[in-house]
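Work through the exercises below with the structure at hand. Each task is followed by a solution in steps.

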Amino acid sequence: MNAGMNAGGTGRPVRIGLQVQPEHADYAAIRRAAAEAEELGADVIFVWDHFFPLTGDLDGKHFECWTVLAALAESTSRVQLGPLVSCVGYRNPDLIADMARTVDHISGGRALLGLGSGWYEKDFTAYGYPFGTDGERLRGLAAALPRIKSRLSRLNPAPAGRLPLMLGGGGEKRTLRMVAEHADIWHAFQDPATLRHKLSVLHRHCADVGRDPAQIEVATSVSGLAAHEGAPRELGPELRELGVSLFIVGAGGPDFDLGTLRRWIAWRDAVNG
């Protein structure tokens, strides 16, 4: 069985997501971008979890992830919604669970919960959170996951939908082990050759914990890999063969150009028939 079939991705329909990068824009522009993406047929809208822009003026306009998600849960009606990804170091894990459950109810069961350990030092230090080492942040993620799952099981009311758990990152010893143990979706950000290797590592972790890797949807961001006109036709089939089924395009303010999103949606429609 090849890597794609082991990952379960080739048996899933292609889905296309948009990561809204809420930088350098007014909220009205963010809302319009989400509405346009939904009208175009995007399957998922993500919001990144940072407190400052990552491009251009690093002290420019910016909005907070979960507040934006709650608002988009009201202003959209079909797309799945979630953070890509929410840093467990910024919020108490039990609070993250409650926030995700609340957004799930606001959206009518359309939320997913993306989690990660964080990497942008400015986010941590400017808001008074300890940055620590890579290992310390990964240990924080490992400690947060059972707390989040436990809190979700005890909330009243329970989540309105399935609230799938997505984990982001490619660390081979710790992160991919957590993916094997906990995740419904794994978000990667690698070129095809690297992704092939990471999948082989993930499959070994799945074997160790007794998990069928077909249960884990494979997602990757594609804008940083290739955003030119032919990217879906050239890059899409190669990633699809590896098992990727959720392809995520990024767009930032102030204008939120969705041209690349349109091309990936057109490719999805051709592939899914």
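Two strands pair if DSSP finds at least two bridges between them. The model used throughout is predicted.

**Exercise 1. The sheet**

Determine the strand order of the open sheet, its edges, and the helices that pack on the strands around S8 and S9.

Step 1. The open sheet has nine strands, and the order is S3-S2-S1-S9-S8-S7-S6-S5-S4 with parallel pairing.

Step 2. Strand S3 (80–83) and strand S4 (86–87) each have a single partner strand, so they stand at the edges and one side of each is left without a neighbour in the sheet.

Step 3. Strand S8 (residues 217–221) runs parallel to strand S9 (residues 244–252), and four bridges join them. Within this pair, Ser221 is opposite Ile248 in S9.

Step 4. Helix H8 (residues 192–209) packs on the sheet and touches strand S7 (185–188), S8 and S9. The direction of H8 makes about 145 degrees with that of S7.

Step 5. Helix H10 (residues 259–272) also packs on the sheet, touching strand S1 (15–21) and S9. Here the angle between the directions of H10 and S1 is about 165 degrees.

**Exercise 2. Nonpolar cores**

Identify the residues that touch the most other members of the largest nonpolar core, and list the contacts of Trp264.

Step 1. The largest nonpolar core holds 68 residues. Those touching the most other members are Leu113, Leu115, Ile148, Trp186, Phe247 and Trp264.

Step 2. With neighbours within four places in sequence left aside, Trp264 is in contact with Ile16, Val222, Ala231, Pro232, Leu235, Gly236, Phe247 and Val249.

Step 3. Another core, of nine residues, lies apart from the largest one; Leu84, Leu112, Met166 and Ile185 are among its members.

Step 4. As background, nonpolar side chains in soluble globular proteins tend to be buried together.

**Exercise 3. Salt bridges**

Find how many salt bridges the whole structure has, then place three of the pairs in the chain and classify their burial.

Step 1. The search finds 16 salt bridges.

Step 2. Arg15 and Glu217 meet through their side chains at 3.0 Å, N to O. Arg15 is in strand S1 and Glu217 in strand S8, so this pair ties together parts 202 residues apart in sequence. Both Arg15 and Glu217 are buried.

Step 3. In the salt bridge of Glu64 with Arg91, the closest N and O atoms are 2.7 Å apart. Glu64 is in the loop between strand S2 (44–47) and helix H3 (65–75), and Arg91 is in the loop between S4 and helix H4 (93–106), so the pair ties together parts 27 residues apart in sequence. Buried means under 20% relative accessible area. Glu64, at 24%, therefore counts as partly exposed, while Arg91, at 11%, is buried.

Step 4. The side chains of Arg162 and Asp184 form a salt bridge at 3.6 Å, N to O. Arg162 lies in the loop between helix H6 (134–154) and strand S6 (165–168), and Asp184 in the loop between helix H7 (175–182) and S7, 22 residues apart. Arg162 is exposed, with a relative accessible area of 63%, and Asp184 is partly exposed at 23%.

Step 5. Asp43, Arg268 and Asp269 are joined into one network by salt bridges that share partners.

**Exercise 4. Disulfides**

Decide how many disulfides there are, and check Cys65.

Step 1. A disulfide requires two cysteine sulfur atoms within 2.5 Å. The count by this rule is zero.

Step 2. For Cys65 the nearest cysteine sulfur belongs to Cys87, 11 Å away, and Cys65 is in no disulfide.

Step 3. Cys65 is buried, with 0% relative accessible area. Cys206 is also buried, at 0%.

**Exercise 5. Backbone exceptions**

Locate the cis peptide bonds at Pro157 and Pro254 and the positive phi values at His24 and Leu163.

Step 1. Most residues other than glycine have a negative phi, and most peptide bonds are trans.

Step 2. Asn156 and Pro157 are joined by a cis peptide bond with omega about 5 degrees, and Pro157 is in the loop between H6 and S6.

Step 3. The bond from Gly253 to Pro254 is cis, omega being near 10 degrees; Pro254 is in the loop between S9 and H10.

Step 4. His24, not a glycine, has a positive phi of about 60 degrees and sits in the loop between S1 and helix H2 (27–40).

Step 5. Leu163, also not a glycine, has a positive phi of about 50 degrees. Leu163 is in the loop between H6 and S6 and is buried at 8% relative accessibility.

Methods: Residues are numbered from 1 along each chain as its sequence is written. This is a predicted model: local features need pLDDT of at least 70, side-chain atom pairs count only at pLDDT 80 or more; totals for chains, interfaces and linings use all residues. Side-chain values use heavy atoms; hydrogens and water are left out. Buried means under 20% relative accessible area, exposed over 50%, partly exposed in between (1.4 Å probe, protein chains only). Helices (H or I, at least four residues) and strands (E, at least two) are DSSP runs, numbered from the N terminus. Contact means heavy atoms within 4.5 Å. Axes are lines fitted to C-alpha atoms, for helices over the stretch in contact, and angles run from 0 to 180 degrees between N-to-C directions. A nonpolar core is a set of buried Ala, Val, Leu, Ile, Met, Phe, Trp, Tyr and Cys residues joined through side-chain atoms within 4.5 Å. A salt bridge is a side-chain nitrogen of Lys or Arg within 4 Å of a carboxyl oxygen of Asp or Glu.
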